[in-house]
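Open your viewer, show the chains as cartoons, and keep the selection tool handy. We will go stop by stop, and each stop tells you what to select and what is there.

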Amino acid sequence: MQLAVWTYEGPPHVGAMRVATGMKGVHYLLHSPQGDTYADLLFTMIERRDHRPPVTYTTFQARDLGKDTSQLFQDAALDSLERFKPDAMLVGASCTAELIQDDPAGLIEKMGLPIPVIPLELPSYQRKENWGAAETFYQIVRSLADKERTPSDREATGRRPLANLLGPTALGFRHRDDIVEITRLLDGLGVDVNVTAPMGATAADIARLGEADFNIVMYPEIGEMAADYLKRTFRQPMVKTVPIGIGATQDFVREVAEIAGVDPEPMLERNLSRMSWWSRSIDSNYLTGKRVFIFGDATHAVAAARIASEELGYKVCGFGCYNREFARDVRAAAKKYDVEPLITDDHLAVEKAIEEAQPELILGTQMERHIAKRFSLPCAVISAPVHVQDFPARFSPQMGFEGANVIFDDWVHPLVMGLEEHLLTMFRDDFEFSDEAGPSHLGHSILPGTGRGTVEDGGGAQAVRSDHQNKETTLPHVPLHQPAAGPPPHAGEDETIWTDEAMKELKKIPFFVRGKARRNTETYAAEHGVTTIELDTLYDAKAHYAK
Amino acid sequence: MPQGAAANGSDCAPVLKEKGQREVFCGLTGIIWLHRKIQDAFFLIVGSRTCAHLMQSAAGVMIFAEPRFGTAIMEERDLAGLADANEELDRIVNQLLERRPEIKTLFLVGSCPSEVIKLDLAKAAQRLGGQYAPNVRVLNYSGSGIETTFTEGEDACLASLVPEMPTLPEDAPKNLILVGSLPDIVEDQFMRLFAKIGIDNVASLPERSVDKLPGIGPNTHFLLAQPFLGDTGQRLLERGAKRIDALFPFGVEGTTDWLTAAATTFGIDAGHVAEVLLPYQERARRGLQHQRERLEGKTIFFMPDSQLEVPLARFLANEMGTVLTEVGTPYLHRTHLTKELEHMPPGVQLSEGQHVDKQLERVRATKPDLTVCGLGLANPLENEGLSTKWAIELVFSPIHGFDQAGDLAELFARPMRRRDVLKV
């Protein structure tokens, strides 16, 4: 058993739902108890889809268990066939149905339905959402891709090179917009899209996957298994670079151009993103060395680390992913940035690592947004799992040159900007520049009284305000890694004592670096056998850690 | 599901019984409000990744702090042998209590998979309770989707508390228990009202802390604040308490009846009660006035969700002039709803259970002005041009009592008002 408050991934059948919901004319028959229908709201509410996901749940109850749940399953199969008239049907079981062992695959085979039926084996107690999506997509491609289809003769027909885009699904992080951006980018290179799948594809589209010259794996977590199969079966080469960030997009353009036999230079020379200039502009100077903690799915995390480090000039101080299947990529990247990779699906372990790293910015998932809120740290979301607010109305891809522009904005705006940092240091007594006010462009970003992380001064006024807030929201703050009473005022870790004078000085340091300053000073004190931190200790430490 | 209760209310309109795909939450979701209400408790679901994902999807949009619930996610090896699963559960509980020493009551909550593999959580609760006594009380109930729908999870939880209630002596003075978790503000309002009426010995089930469970004895009377508490009511009766039959406290009519029924049971002069309630009733009617203009003559369709449907429909029909096209409920507890059914307009189409596709066909055929439905159905229906109201909002909002009557009506009026103002 694993203790979980939040989870990064849903069960594998939710992955299958993401594939089915992204496609057209494909229905998913899910053997499951009532209650599993909650998954519908992920699509209609979080993603704001205007149609119900194409899923029929058999909805068995306890009283059915003594009787014949397999009959229930077969009735639901016939009912959904008649009602929805799908072109193909996926059939599987959720975690509970897996335990009652009705064998949906065998049952459906006996029924001899007049449409293609794809049985799914998704072991709920071993695997998770991304794997479930990848396996489902792979099974669909294996069952429906027509092996007779091959690319038409390019020279004879004068056609442009053709690529399949593989991996986007319903409920994906910006998949909707990435498809548009990548299709546009390929068009600019002189490459056409044959099929985009699973998102938007019909069974007939899957049948003609073999007509493309090559495959582009947009999201390896979901598309790679199918792309491997297509490579083996249709000998279609695979583009594996994920075009998130300027550098990666340029690499992607070169890789596509090479496989497609087109010239990448005109596109690369046109410098299609504002991001590189925005990043070099003088205002961005303040971004230098900002310490950033990155956590998400492996693909987005690896891309984020490269952007953070090479394109924004941040320092990667924490880095990891939750999907172990792709941990190898994260480990390889971690070496480049000289950090210890964190591979875990326990969000409490991530919280602990963030607390220790004391970053100035978190790039994470919805879970890290929760954590950031607790620690009063700025945060931007880079990966699923996500929230309704991560499905924006506007066009906001992550991929391609436009994606790099979007990323620049998203990853820079949560921070205190440019010269304001200096003003904050200079005018600490100005009430509008106080800790409670936070960055002036984000009035709401600092939650007074979450009290830990960077806002760690144990100040009286702030503590009062925090109690007040807690009462209002009825969300009492429960420390995770500290005793409920908290440390006594002025006592640091390991019984280090701060003098009043030094503590007063510490509070003059802007909130967004204060946590780091405090930790550095205490580490310095511990290493130098100093038990009482004086004003001078603070500045000795500052000099010691200055770079 | 069926509570085997006597079918006292069988004289009401014919009920359409349906079975098929349901579009409701399972009982685990009750934890979302229970963990806020019962502040010294932690709810540990013994379940699958699906359960954890459900809680996250249902609660994740509302709760940003670490909640007082979690899931012990069963894995492959836990299914291999039940002995192992028990050891694993002990390890998780140990880990949890070490990390959260402030927990005073731990609910082990059964789920579909733990029910199917017959993991005996009652036994586990006993074992762990012995181990952690007296610091932590360990209780158990099932919130599984094969046993319960949505609000029945609260019923199962409260029912598990009934045996823990202290026994009052036979000569103890009359006491009153309000059963069903109410928002704190509403609970406080009711307490003030009961005091004004002249009933002082009032407690709630659940209280905000399990440590303060009300006592129960032959002189105990209870008032259900929620219609979905079938098992809890039954267990209270078995312990000798007496149920006060009343309308549920929605709207002026329901709240008046609920309070008056209690007053009558406690032998309080009817004239005095009427006098106390009059200003509250007048204020509530003022609050309802504007909404009545918006709701009168409008048609409404209730998809089955929380079992609140019948009393809410009664309120809308009688006080707002709303036309009921269909009132669906996951389960119709005839005993607890006898009075409600008597107060419904004649001939209303009631339906019990769910076949969601057939229901949606009826919604499309009747084109109601408003459809009350689950989260998964709302946007698709909006896309078809139908105004909807999330049923779950009615569970999460303060809607009981006089001072919330206007808010309750506003919840139904808002989607239509919005439809009128939008020009996009």
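The radius of gyration used on this tour is taken over C-alpha atoms, and the rule for a globule is 2.2 Å times the number of residues to the power 0.38. Please keep in mind that this is a predicted model.

**Stop 1: all of chain B**

Select chain B. For its 424 residues, a compact globule would have a radius of gyration near 22 Å, and chain B has 22 Å, so the two agree. Turn the C-alpha trace along its principal axes and you will find that it spans about 60 × 55 × 40 Å. Coloured by secondary structure, chain B shows 17 helices and 14 strands.

Now switch on the surface. Chain B exposes about 15,300 Å², and carbon and sulfur atoms supply 50% of that area. Of the 424 residues, 65% are buried. If you draw contacts in chain B between residues at least 6 apart in sequence, 76% of them join residues at least 24 apart. Colouring by charge brings up 44 positive and 56 negative charges, whose mean positions are 3 Å apart.

**Stop 2: a strand residue in chain B**

Select B:Thr71, which you will find in strand β3 (residues 69-73) of chain B. Is B:Thr71 buried or exposed? Its relative accessible area is 2%, so B:Thr71 is buried.

Next, show what surrounds B:Thr71. Leaving aside residues up to four places away in sequence, B:Thr71 touches A:Gln2, A:Leu3 and A:Ala4 from chain A, along with B:Leu44, B:Ile45, B:Gly47, B:Ser48, B:Cys51 and B:Ala52 from chain B. For a distance to try in the viewer, pick the C-alpha atoms of B:Thr71 and B:Val109: they are 9.0 Å apart in space and 38 residues apart in sequence.

**Stop 3: a covered helix in chain B**

Select residues 309-320 of chain B, which form helix α12. How many of its 12 residues are buried? The count is 11, so the helix is mostly covered. Among the buried residues are B:Val310, B:Leu312, B:Phe315 and B:Met320, and B:Glu309, B:Arg314 and B:Glu319 are on the list too. Step just past the helix to B:Gly321, which follows α12(B) and has a positive phi, near 70°.

**Stop 4: all of chain A**

Move over to chain A, where the cartoon shows 24 helices and 16 strands. Buried residues make up 60% of its 547 residues. The exposed area of chain A is about 22,400 Å², with 51% of it supplied by carbon and sulfur atoms. Among contacts in chain A between residues at least 6 apart in sequence, 71% join residues at least 24 apart.

**Stop 5: two annotated residues in chain A**

Select A:Asp36, listed by UniProt under "binding site" in an unreviewed entry. Look for A:Asp36 in the loop between β2 (26-31) and α2 (40-46) of chain A. With 6% relative accessibility, A:Asp36 counts as buried, because buried means under 20%. Not counting residues up to four places away in sequence, A:Asp36 touches A:Tyr57, A:Ser94 and, across in chain B, B:Thr50.

Finish at A:Asp283, which UniProt lists under "active site", again in an unreviewed entry. This residue is in the loop between α14 (275-280) and β10 (291-296) of chain A. The relative accessible area of A:Asp283 is 42%, so A:Asp283 is partly exposed.

Notes: Residues are numbered from 1 along each chain as its sequence is written. Chains are lettered from A and ligands numbered from 1 in the order in which they are written. This is a predicted model: local features need pLDDT of at least 70, side-chain atom pairs count only at pLDDT 80 or more; totals for chains, interfaces and linings use all residues. Side-chain values use heavy atoms; hydrogens and water are left out. UniProt positions are given in the numbering used here, feature names are shortened, and annotations may be inferred rather than shown by experiment. Helices (H or I, at least four residues) and strands (E, at least two) are DSSP runs, numbered from the N terminus. Buried means under 20% relative accessible area, exposed over 50%, partly exposed in between (1.4 Å probe, protein chains only). Contact means heavy atoms within 4.5 Å. Accessible areas come from the Shrake-Rupley method with a 1.4 Å probe; for residues, only the protein chains shown count as cover. Lys and Arg count as positive and Asp and Glu as negative; His and the chain ends are not counted. The place of a charge is taken as NZ of Lys, CZ of Arg, CG of Asp or CD of Glu.
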